[in-house]
Amino acid sequence: MVSIPHNYPIGIEPADIDFMGHVNNASYLKWVQAAVISHWQRLAPAEAVATHLWVALKHEIIYRKPAFLEDDVVATVLLQKVEGARAFYDTIIKRGEDVLAEVKSSWCCLDAQTMRPARLARSVIERFFPKD
C-alpha cells in the first residue's frame, strides 16, 4: 500500500550554499525534516498533531545531483509503513524531472507530554493511505 504523497516546496537560502557553490549536504537533512513534519501536519487530525511529536532516528541519503541557489526544488514525501511508534519514510528531492537526492528515514513518534514513544491509533495511520 502506498501512502498519499506530499509535495513540499523547498526555498534555497544563501546560507544553504557551501564553498563549492552548491547546496551543502547538511541542508538536505533540514529539508527532509521539514517535509516529513509538513506531511504529518497536513494529513493527521489536529488532536494528533497537538499531542504527538516526531524525532528522526536515521537518515540514509543518496545524493544524485547538486542543487544551486536559484533552483526550484520540491521534496516528495511518502510514508512507507508504521510499526509501533516508528514510521518509515521515503523522500525524493527533485529539480524538475532531475532527482537530486533520495532519502530513506525512520522516525519515532513521541507523546508530547511524556516525551516517551507513542503508538498512533489505527484511525490516524489510515489517514495517510488512500482508500481503495
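1. Two strands are taken as paired here if DSSP finds at least two bridges between them. With that criterion in mind, the register of the hairpin of E3 and E4 can be read from a single position, since in this predicted model Val-82 has Ala-87 in E4 as its bridge partner. Strand E3 covers residues 73–83 and strand E4 residues 86–95, and the two run antiparallel, joined by nine bridges. Two residues lie between these strands, and in this hairpin Gly-84 adopts a positive phi near 60°.

2. Strand E4 is also paired with strand E5 (residues 98–111), again in an antiparallel arrangement, and here ten bridges make the connection. Within this pairing, Asp-90 is found opposite Lys-104 in E5. The hairpin formed by E4 and E5 has two residues between its strands, and Gly-96 in the turn shows a positive phi of about 60°. As background for inspecting these strands, side chains in a regular strand alternate between the two faces of the sheet.

3. As to the overall fold, the protein contains three helices and five strands, and their order along the sequence gives the pattern β-α-α-β-β-β-β-α. Among contacts between residues at least 6 apart in sequence, 68% join residues that are at least 24 apart. The C-alpha trace spans about 45 × 35 × 25 Å along its principal axes. The radius of gyration is 15 Å, which agrees with the value near 14 Å that a compact globule of 132 residues would have.

4. Turning to the surface, 39% of the 132 residues count as buried. The protein exposes about 7700 Å², of which carbon and sulfur atoms supply 54%.

5. The aromatic side chains deserve a separate look, as the structure holds four aromatic pairs. One of these joins Tyr-28 and Tyr-63, whose ring centres are 5.2 Å apart and whose planes stand at 80°, so the pair is classed as edge-to-face. This pair links distant parts of the chain, with Tyr-28 in helix H1 (residues 25–43) and Tyr-63 in strand E2 (residues 52–63), 35 residues apart. As for burial, Tyr-28 has a relative accessible area of 2% and is therefore buried, whereas Tyr-63, at 35% relative accessibility, counts as partly exposed. Trp-31 belongs to this group as well, as Tyr-28, Trp-31 and Tyr-63 form one aromatic cluster.

6. A further aromatic pair is formed by Trp-40 and Phe-128, which are stacked, with 6.0 Å from centre to centre and 5° between the planes. Because Trp-40 lies in helix H1 and Phe-128 in the segment after helix H3 (122–126), the pair ties together parts that are 88 residues apart in sequence. Trp-40 counts as buried because its relative accessibility is 3%, and Phe-128 is likewise buried, with a relative accessible area of 2%.

7. Finally, an aromatic ring is also involved in an arrangement with a charged side chain: Lys-81 lies over the face of Phe-88, at 5.2 Å from the ring centre.

Conventions: Residues are numbered from 1 along each chain as its sequence is written. This is a predicted model: local features need pLDDT of at least 70, side-chain atom pairs count only at pLDDT 80 or more; totals for chains, interfaces and linings use all residues. Side-chain values use heavy atoms; hydrogens and water are left out. Rings of Phe, Tyr and Trp (its six-membered ring) pair if their centres lie within 6.5 Å; planes under 30 degrees apart count as stacked, over 60 as edge-to-face and the rest as tilted. Helices (H or I, at least four residues) and strands (E, at least two) are DSSP runs, numbered from the N terminus. Buried means under 20% relative accessible area, exposed over 50%, partly exposed in between (1.4 Å probe, protein chains only). A charge sits over a ring if NZ of Lys or CZ of Arg is within 6 Å of the ring centre and within 35 degrees of the ring normal. The radius of gyration is taken over C-alpha atoms; the globule rule is 2.2 Å times the number of residues to the power 0.38. Contact means heavy atoms within 4.5 Å. Accessible areas come from the Shrake-Rupley method with a 1.4 Å probe; for residues, only the protein chains shown count as cover.
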